[in-house]
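Here is a short briefing on one protein model. Look at the structure first, then work through the points below.

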Amino acid sequence: MSDDAGRHGPKGEFRRERSTPLPPEEPRRSARSGRITVPGAGVRRRRNGLLLMSVLSVLVLLASGTSWAITGWMSGSINRFDVFGGLSDGDRPDETGGLTFLVIGSDSRDEMSTEDQNALSVGSTPGQRSDSMMLVRLNHERDHLTVVGLPRDLWVDIPGEGEDKINAAYAYGGPGLAVQTVESVTDVRVDHYVEVDFNGFVDVVDALDGIEVCLPEAIQDPKAQLDMEAGTHQVDGVEALAFARTRATARGDLDRIDRQQQVLSAMLDKAMSSQTLSDPGKLTAFLDSSLSSVTVDEGLTTSAINDLAYQMRDLDLKDVTFAQVPISDMDHWTPRGDVALLWDEPAAREMFAAINADRPLEAPEPEAEDDGGKDDEPVPADVGLRVFNGTATPGLGARLDDSFTTAGFNVTDPAENWTDRSVERTEVRYGPGEEALAEYVSGTLPGSETVEDGTLDEGLQVVIGFDYTTFEAPTAPTAQAGAEPEAAPSAPDTTTARDNICA
C-alpha cells in the first residue's frame, strides 16, 4: 500500500536490524483481481500480517491471565529496541497512574518475497511508514483498556520536520520520533512502545481456526483481492487480512479502523471463549505467531509483561473500549497538493485529557442555564428521537445512540438498521409541526438534512448516511446577552469489544 507521507525531505529512513535478516527481493508489481486465493501452508508460515491484531493478540494472553504460557517465548521471540533513550524527559508529558502504549504497524515489505507480496496483495512499496497507529491505555486500576485509533493521514506538526501526515514521523526518525510526535500532539505520555511489521497476522488468525466477521454491504476491492458479499463470513487469515486492510469504502481510513476493531474483537472473543489457550498445540502456534513479529521498548521486559498479565487476569470484552479521534475535515488539501485529515481540536483535547485522567470517553452533559425567558430554542431533554444506521458500518447506530444519550437527548428505543443500507446523506426525519426540533437535531450532525415524513406522529428519526463523521453536542444558552457561546466538544464514538461481535 503506497503512501505519499514523508516523501518530501526525509533525513533518512529508519531501519531496524534484525538478528537474522532476510535479503529483500526485487519488488515486482503484478495485476490483481478477483476473489482471494489462499496460498499453501509453506507460504503461509512466512506470511506477513497487520499491526492491530498481531500486537493485541499478546493482550489476549494478558487479559486471559496466561502469564505462565508466555514466559518461555519472550527472550527468543520478541525484538527489543531503545525507543526512549533519545527523548528528553523534561520535554515530555507528565507520568500518570495508568499505562499508555503506542502501538505501531510498519508497512515495510523489504523482508517479504515477491511471492508473499502477491499472495497477500500488500504491494511492493519500498521504505517504511507506520501503516497503522493507535494509543492503548490501561487504566490505573488495571480493569479497563481503551484503544484509540489514530488515522495514518492525520495532518500534524512533526517535531523538527514540520507539517506532514502523522505516519511520516516513523519514516523520518523511527520509533523515537513517532513517540515524540504522538506525545506532542496529544499531551499523553507514552510509557511503552510496541511495533509489529507485517509478519504473523495470517498465522495468528489461522491458529484460532479463523474468525467470524459481518459485512452489511458487499465490498469489491480488486487491489486487495477482496470480493465479499453482504452477510456474516467465517474467514481465514488471508481473508481477514484483506478485510482489515481495504479502504474501498465511503469513509476510507476511518472505515478501515472500524473493520480492524471488529476483527480484533472477534479474535479476542474467539481466543477467550474457546479452547485455544488450554490446548498446548494451538497455544504454541498462537504464541509463535503473535510474538515473532513484535518489537518492544527495552523497558517492556518479560517480568513486566508477566506482571501485567496477572493484573489484567479478570479483563472481559466489555472492559475493552474502542474509539477514534474526532475528525473535523476529511478532505483537507495540504500545501503540497494531497489530501489529509484534520482532527477536531477541542474534541481531541477533551478526549486525550480524559485518557490522562482515566475518565470515560464521553462528552460532558450540558448544564442547564436560565435562558432569560426565551422558550423558542429547545433543549436536548425536549427532543425524543430514534437512530437508524443507513450505512454499511456495523455498530455506528449504537455509537450515535450513546452520543445522543450522553448529550441529554431522549432516545426512545435502541438503534436499528435502516431499510436502505446505502444512504448517502444523513437525514433527520420529522412529522407535522416538528420542523424546529428537526433543525435543532440537524445542527448536531454536520452536513445532515431535514426531511418531512407525514407518517411520523411524534418523535424524530435520525438516519445515518455515509457522510456522517461526528456528533457535535449542542451548546448551552449563555446567560449574558450578546456573548458568544463556548463550543462544546464533540462526543467521541465509542464501542466495546462485546459490541463489535457479529451476534
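Arg399 sits in helix H12, which spans residues 396–406. The model is predicted. Is Arg399 buried or exposed? Its relative accessibility is 6%, below the 20% cut-off, so Arg399 counts as buried.

**Around Arg399**

- Leaving out residues up to four places away in sequence, Arg399 touches Asp258, Thr393 and Pro394.
- Arg399 also touches Asp493, Thr494 and Thr495.

**The largest nonpolar core**

- The largest nonpolar core has 36 residues.
- Which members touch the most other members? They are Leu102, Val325 and Phe352.
- Several elements give two or more residues to this core, including the strands E2 (99–106), E3 (130–138), E5 (155–158) and E15 (339–343).
- Helices H5 (168–186) and H11 (345–356) also give two or more residues.
- H5 gives the most to this core, with eight residues.
- In soluble globular proteins, nonpolar side chains tend to be buried together.

**Leu102 and a second core**

- Leu102 has contacts with Met133, Met134 and Leu135, not counting residues up to four places away in sequence.
- By that same count, Leu102 also touches Ala178, Val179, Val182, Val190, His192, Tyr193 and Val194.
- Another core, of 25 residues, lies apart from the largest one. Among its members are Leu264, Leu308, Met312 and Leu317.

**Helix H11**

- H11 has twelve residues. From its first C-alpha to its last, H11 reaches 16 Å, close to the 16 Å expected at 1.5 Å a residue.
- Which residues of H11 are buried? They are Ala347, Ala348, Met351, Phe352, Ala354 and Ile355.
- These buried residues cover an arc of only 155 degrees around the axis, which puts them on the same side of H11.
- Asp358 follows H11, and its phi is positive, near 60 degrees.

**Aromatic pairs**

- How many aromatic pairs are there? The count comes to five, with ring centres within 6.5 Å as the rule.
- Trp343 and Phe352 have ring centres 5.7 Å apart. Their planes are at 55 degrees, so the pair is tilted.
- Trp343 and Phe352 are both buried.
- Phe404 and Phe409 have ring centres 5.1 Å apart. Why is this pair edge-to-face? Its planes are at 85 degrees, and planes over 60 degrees apart count as edge-to-face.
- Phe404 and Phe409 are both buried.
- Phe404, Phe409, Tyr440 and Phe471 form one aromatic cluster.

Note on methods: Residues are numbered from 1 along each chain as its sequence is written. This is a predicted model: local features need pLDDT of at least 70, side-chain atom pairs count only at pLDDT 80 or more; totals for chains, interfaces and linings use all residues. Side-chain values use heavy atoms; hydrogens and water are left out. Rings of Phe, Tyr and Trp (its six-membered ring) pair if their centres lie within 6.5 Å; planes under 30 degrees apart count as stacked, over 60 as edge-to-face and the rest as tilted. Buried means under 20% relative accessible area, exposed over 50%, partly exposed in between (1.4 Å probe, protein chains only). Helices (H or I, at least four residues) and strands (E, at least two) are DSSP runs, numbered from the N terminus. Contact means heavy atoms within 4.5 Å. A nonpolar core is a set of buried Ala, Val, Leu, Ile, Met, Phe, Trp, Tyr and Cys residues joined through side-chain atoms within 4.5 Å. The expected span of a helix is 1.5 Å times one less than its number of residues. The arc is that of the directions from the helix axis to the C-beta atoms.
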